[in-house]
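Reader: I would like to learn how to read the strands and the burial of side chains in a model such as this one. Could you take me through the features in turn, giving the general idea before the case at hand?

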Amino acid sequence: LVPVDCWHGSLRYHFDDRRVPDGIIPIRRLIANANCTLDGDAPPPTDNSRLSGAWYDPSLTGQGLIIDVSPAQTTLFAAWYTFVPGFTPVDPQHELQWYYLQAIDVAPDAVTFTDVPIYQPPPGVFLGPQTAGDTRVGHADFVFEGCDALTLTYRFNASTQARTLNLVRLGPSPSTCR
């Protein structure tokens with residue numbers, strides 16, 4: 001990843017199995033970084049943007065969420081990397097799946113977010129065009145119980161049963177997060 005400024009960068013990629021040629025993809029932030037400077041000398045955030053980061057459930061390997069809370073844009077965005085419903089580790093046909101969740105009109109001091117829509121993007125091909133629109137497949141509630149604990153309760157539309165993930169932060173919390 002090569003940053004250009006707080007909004008733009010490029011992603012250089014290489015696959016050891018040579019499935020695609022090496023390349024560079026220009027990238028742009030979707031959500032403003034509340035604390036961005038290229039030299040890293042910005043003061044740490046004091047609002048709920050400090051809850052942004054990588055989160056996972058230690059009992060579930062190979063999956064988790066990347067969460068970005070932007071008080072400037074009053075938005076919570078989360079990318080959820082997981083497996084198709086019904087996946088079991090011994091299933092030889094397991095498939096990766098990802099969803100995204102987005103809430104708007106988020107207060108800068110909020111630590112609870114309810115009824116956040118869950119969307120599923122269409123299947124894709126690396127560097128291929130988007131083939132169809134995203135589908136809303138459920139909703140979730142986020143309850144941050146501090147800087148290192150998050151309870152995510154979710155329900156997919158096809159299910160009447162809610163499920164809960166007890167997530168912890170991957171990596172250290174920001175110094176201003178207590």
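Author: Let us begin with the word strand itself: strands are DSSP runs of E, at least two residues long, and they are numbered from the N terminus. With that reading, Gln97 belongs to strand β7. Please keep in mind throughout that this is a predicted model.

Reader: What does the secondary structure of the protein come to, counted in helices and strands?

Author: The count is zero helices and 11 strands, and the order of elements from the N terminus is accordingly β-β-β-β-β-β-β-β-β-β-β.

Reader: How should I read the pairing of these strands, and which of them make up the closed barrel?

Author: In general, the strands of a sheet pair through backbone hydrogen bonds, in either a parallel or an antiparallel manner. Here, eight strands close into a barrel in the order β4-β5-β6-β7-β8-β9-β10-β11, and their pairing is antiparallel. Within this sheet, neighbouring strands are turned against each other by 30° on average, with direction ignored.

Reader: Which strands does β4 pair with, and over how many bridges?

Author: Strand β4, residues 53-56, pairs with β5 in the antiparallel sense over three bridges, and Ala54 has Ile66 of β5 as its bridge partner. Strand β4 also pairs with strand β11, residues 163-169, again in the antiparallel sense, over two bridges, and there Trp55 stands opposite Arg169.

Reader: How do β5 and β6 meet, and what is found in the turn between them?

Author: Strand β5, residues 64-70, and strand β6, residues 75-83, are antiparallel and share seven bridges; among the facing residues are Val69 and Leu76, and Ser70 has Thr75 as its bridge partner. The two strands form a hairpin with four residues between them, and Thr74 in the turn has a positive phi of about 45°.

Reader: Thr75 lies in strand β6; is Thr75 buried or exposed?

Author: The cut-off to apply is that buried means under 20% relative accessible area. Thr75 has 8% relative accessibility and therefore counts as buried. Its side chain also reaches the backbone oxygen of Gln73, at 2.7 Å.

Reader: Why can β6 be described as largely enclosed by the rest of the structure?

Author: The description rests on a count of residues: eight of the nine residues of β6 are buried, so the strand is largely enclosed by the rest of the structure. For the protein as a whole, 31% of the 178 residues count as buried.

Reader: Where does Gln97 fit in, and how is β7 joined to β6?

Author: Strand β7, residues 96-104, runs antiparallel to β6 and is joined to it by nine bridges, with Gln97 as the bridge partner of Thr82. Gln97 has a relative accessible area of 17%, and therefore it is buried. The C-alpha atoms of Gln97 and Trp80 are separated by 8.4 Å, although these residues are 17 residues apart along the chain.

Reader: Which residues form a nonpolar patch on the surface?

Author: A surface patch of this kind draws on residues with over 30% relative accessible area. In this model Leu1, Leu11 and Ile27 form the nonpolar patch, and together they have about 280 Å² of accessible area. Ile27 lies in strand β3, residues 23-28, and its relative accessible area is 32%, which means that Ile27 is partly exposed.

Technical notes: Residues numbered from 1 in each chain as written. Predicted model: local features only at pLDDT ≥ 70, side-chain atom pairs only at ≥ 80, totals over all residues. Heavy atoms only, no water. Patch = residues over 30% accessible without salt bridge, like charges linked within 9 Å, V, L, I, M, F, W, Y side chains within 5 Å. Areas by Shrake-Rupley, 256 points an atom, 1.4 Å probe, with all protein chains shown as cover. Salt bridge = Lys/Arg side-chain N within 4 Å of Asp/Glu carboxyl O. Buried < 20%, exposed > 50% of the residue type's maximum accessible area, 1.4 Å probe, protein only. Pairing = 2+ DSSP bridges. Axes fitted to C-alpha atoms, helices over the stretch in contact; angles between N-to-C directions. Polar contact = N/O pair within 3.5 Å; in protein donor to acceptor, adjacent residues only side chain to side chain.
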